[in-house]
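This report introduces a structure to a reader who has not met it before. Please keep the sequence and the three-dimensional view at hand while reading.

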Amino acid sequence: MPTDAPLAVRMDGITKAFHGVTVLEDVHLDIRPGEVHALAGGNGAGKSTLMKILQGVYQRDAGVVEVFGRPLDATTIEGARAAGIGMVFQEFSLISTLTVAQNIFLDVEPTRAGLIDDKAMRSRAAELLARIDVAIDPAAEVGDLPTAQWQLTEIAKALGQDARVLIMDEPTASLAKHEVEALFELVGRLKEQGIAIIYISHRMDEVYRIADRITILRNGKNLITAGLDEITPQEIVAGIAGRELSDAESPAPARGGATGPVILDVADLHAAGVEGATFQVRAGEVVGIAGLMGSGRTELARALFGISRITRGTVMKDGSRVRLDSPADAINAGIALIPEDRRLQGLVLDHSVRENLTLPLLDGLRRRGLVAKDMVRDRSDRLIEQFSIAVARPDAPARLLSGGNQQKIVIAKWLGTEPEVLVMDEPTAGVDVGTKTEIVRIVRELAQTGKGIIVISSEYPELIAMCDRFLIMRNGRVVETIGAERVASEVELELAVQGLAA
Amino acid sequence: MSTTTTPRPKAAATTSAPAWQRVASRLDWRRDIIYVGFVVVFVVFAVLLGDQGFLSTTNLLNILRQTAIITIIAVGMTFVIACAEIDLSVGSIAGLTSITAAMAIAAFGLVPGIIAGLAIGVVVGAVNGSLVAFLRIPSFLVTLAMLGIAAGVAQWVTASAPQPILDRTFNTVFGSGNIGRLPGLVIWSGVVVAIGAVVLKKAKFGRQVLATGANRTAAEYSGINTRAIKFRVMMISAMAASLAGLLYAGRLQSGRFQWGAGDELSAIAAVILGGTALAGGRGSVVGTLFGALLMGLINNGLILAGLDSSQQQVIRGVIIILAVALARNK
């Protein structure tokens, strides 16, 4: 670039380790003023760590950061903000009980005679919103606004603090289609004003639509930085998804389609975040659901387990229609959910392993109306053995176990109810490689005993290793069904999820 | 055809809506219920109890005087609750302040007595605030423990005996004096309400309190030092309670460990009635004033109506539940 203007951001030689584990190694990142720069990489590639260093949340172990030519040695969020770094949070950082204007100027309120000048604040907020051409009433309470406007408010808040570099992390994940359009138009206007935007997204269509260049990280190192006119979506996807297969996995053995009877038949299912899902699960079959964040994967699982209300469509179990108004209904219908967040939704961490294992089974473990201790012990011992949970003291709290063992407890707990349909949401997230292999094995074995299994996962190697069929979700709909024999690699699956041909 | 004609009658209905409906639609039910409730109760009592002297100046001033001390405690409590904390120790702080001031006045004189009394607020507030803000112990537990400690100390050092205060200046300034017909207590509470209302609504600190109470993480990411905010609200509450203790001492011309006992519950009720969210993030000092006045009004009316104190308690409880339940949903 033959220009004297300094880069908006220059990060060079950034290295960071946590507890001796290197998560970033000699990473460099250049952002030009007025540029939308996409930042991509798989889970654990180091994107969010890199951004947290730029925001002053984490301290770098080595390397330099410059913002508009000035070295940034800020060790605090405030320091980075003063240098012009603004963040549009994925988890919104707004105060719902305050107005839009009060949020934009939170902690930097204009004052007169020592008191907050709400009138000046409102008019300055209105000016700011007008400058970025956003129609929001500055006097409206944020809690009363739709989520899309929260995000725009958040952007206005960053700009109100003179941010010249904006970090947006998956900003469209919770937006509807027309809201995404409004956001992109705003991004375009910000660009014209010379504001640099670092755009973290997994969606190739969005990246191609608005970004100028892309940097891909893999395993904490730079993989490539390129203009989007020099790189194909296939190359990007290969860069993101094509990490080395974990040595524990071998590519999926070719499996014939399961031939058991249909045990779960879902037709045109509508619920919060799900806009028409139609699919079947056969006995002995593992069906994988793949989709981007916000595609309706988790929402589908919640609807099938009776947590969110089904507004339209039917669920048939063994040929007869079932009502799923509550998790109790789902359990009675033989459906179990292994939830996404095991620490929050799957376990009572302070209770013992035994108590956790038998919590859904207590009805069957009673004698004269009271829980029988010996029955609890027998039952939990059997489950511990069956799932080879490594636990020294079954009476110790579940919080003391490793993530992998905790996950096995959750699985064992639900299998104790002998469900015929098992829905697993991110079963391998945050567990070690050994446990992943074991979970894959357990899932395959369960399928062989005739259960129907639905696995939602963003970890494609595991998904490929266990599934017979993949359902691709996008915008709350099941848009495609692919047999395992047609998916040879993670890259192919990622391309299908992105809606790109291989 | 039918689709074009259907919206019409609806539009006509909204334009011809009666005036009261338009006023009602502008009211924020959750925030303003206290004022509606206050007016309704006042009118009902005025009609039913007008003959018993409810509307006489003396009686109305009485209501103000009787609610003044609770109002002061409740102003401090408004900050604490708006910040999503609670302070159960305020009643005990008032009691401990009253005996400390009384004993210090007897031993060292007027000014040292006032300083000693307020020092109780500083010390207890600093302890409460440190435990809540820096050690992150839930304020419910910290102040529940402090409630016992402060009351126990006050009873222990005085051996349960009242400590008379003979200093007439003290008694006149703190609670027993009048300016014209206006009780000094009412002036004290008026000043505290005014300061509290401006600080919560107009000062940066007030905004920081609301932000911290609504969403601590978001407040922190906005650059607010939320620990300092939590510390300071606990401090403010203890200081308000300490001032209330001085006023008890002056009005009753003595210090006693029981002064203020149970006030924490009245103060919390006044704050919640006043529209401050128990979950934090929303608060109004003026609302709190009216919450306290409403309770004073009800007490007064029920006494005039000839109900005994057991019946008063029942009715007061029912009214509080009703008001808070009504304020929950729009």
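The sections below take up the two chains, their aromatic pairs, and some individual residues and elements.

## Nature of the model and chain A

The structure is a predicted model. Chain A contains 17 helices and 24 strands. The C-alpha atoms of chain A occupy a box of roughly 75 × 50 × 45 Å along the principal axes. A compact globule of 502 residues would have a radius of gyration near 23 Å, and the value of 25 Å for chain A agrees with this.

Of the 502 residues of chain A, 54% count as buried. Where contacts in chain A join residues at least 6 apart in sequence, 67% of them link residues at least 24 apart. The exposed surface of chain A is about 21800 Å², and carbon and sulfur atoms supply 49% of that area. Chain A carries 55 positive and 70 negative charges, whose mean positions are 5 Å apart.

## Chain B

Chain B has 16 helices and four strands. Of the 330 residues in chain B, 46% count as buried. Among contacts in chain B with a separation of 6 or more, 78% are between residues 24 or more positions apart. The accessible surface of chain B comes to about 15300 Å², with 68% belonging to carbon and sulfur atoms.

One element of chain B that is mostly covered is helix H11, residues 204-214, where nine of the 11 residues are buried. The buried residues of H11(B) are Phe205(B), Gly206(B), Arg207(B), Gln208(B), Val209(B), Leu210(B), Ala211(B), Thr212(B) and Gly213(B).

## Aromatic pairs

Over all chains, a search of the whole structure finds 11 aromatic pairs. In chain A, Phe305(A) and Trp414(A) form an edge-to-face pair, with 5.8 Å from centre to centre and 85° between the planes. Phe305(A) is located in the loop between helix H9 (297-304) and strand S16 (310-317) of chain A, while Trp414(A) belongs to helix H14 (residues 403-415) of chain A; the pair therefore ties together parts that are 109 residues apart in sequence. Phe305(A) and Trp414(A) are both buried.

In chain B, the ring centres of Tyr35(B) and Phe290(B) are 5.2 Å apart and the planes stand at 75°, so this pair is edge-to-face. Tyr35(B) is part of helix H4 (residues 29-49) of chain B and Phe290(B) is part of helix H15 (residues 285-304) of chain B, so the pair ties together parts that are 255 residues apart in sequence. Tyr35(B) counts as partly exposed because its relative accessibility is 27%. Phe290(B) also counts as partly exposed, at 22% relative accessibility. Ring pairs join these two residues with Phe38(B), Phe42(B), Phe45(B) and Phe54(B) into a cluster.

## A buried methionine in chain A

Met11(A) is found in strand S1 (residues 9-18) of chain A. Its relative accessibility is 0%, so Met11(A) counts as buried. Leaving aside residues up to four places away in sequence, Met11(A) touches Val27(A), His28(A), Leu29(A), Asp30(A), Leu50(A), Ile53(A), Leu54(A), Val64(A) and Val65(A). One of these partners, Asp30(A), is 19 residues from Met11(A) along the chain, and the C-alpha atoms of the two are separated by 6.3 Å.

## Positive phi angles in chain A

Most residues other than glycine have a negative phi. Asp26(A), although not a glycine, has a positive phi of about 50°. Asp26(A) lies within strand S2 (residues 21-31) of chain A. With a relative accessible area of 51%, Asp26(A) is exposed, since the cut-off for exposed is over 50%.

Glu418(A) likewise has a positive phi, near 50°, and is a residue other than glycine. Glu418(A) is placed in the loop between H14 and strand S21 (421-425) of chain A. Its relative accessible area is 58%, so Glu418(A) is exposed.

Key
Residues numbered from 1 in each chain as written. Chains lettered and ligands numbered in written order. Predicted model: local features only at pLDDT ≥ 70, side-chain atom pairs only at ≥ 80, totals over all residues. Heavy atoms only, no water. Helix = DSSP H or I, 4+ residues; strand = E, 2+ residues; numbered from the N terminus. Rg over C-alpha atoms; globule rule 2.2 N^0.38 Å. Buried < 20%, exposed > 50% of the residue type's maximum accessible area, 1.4 Å probe, protein only. Contact = heavy atoms within 4.5 Å. Areas by Shrake-Rupley, 256 points an atom, 1.4 Å probe, with all protein chains shown as cover. Lys, Arg positive; Asp, Glu negative; His and termini not counted. Charge placed at Lys NZ, Arg CZ, Asp CG, Glu CD. Phe/Tyr/Trp six-rings, centres within 6.5 Å; stacked < 30°, edge-to-face > 60°.
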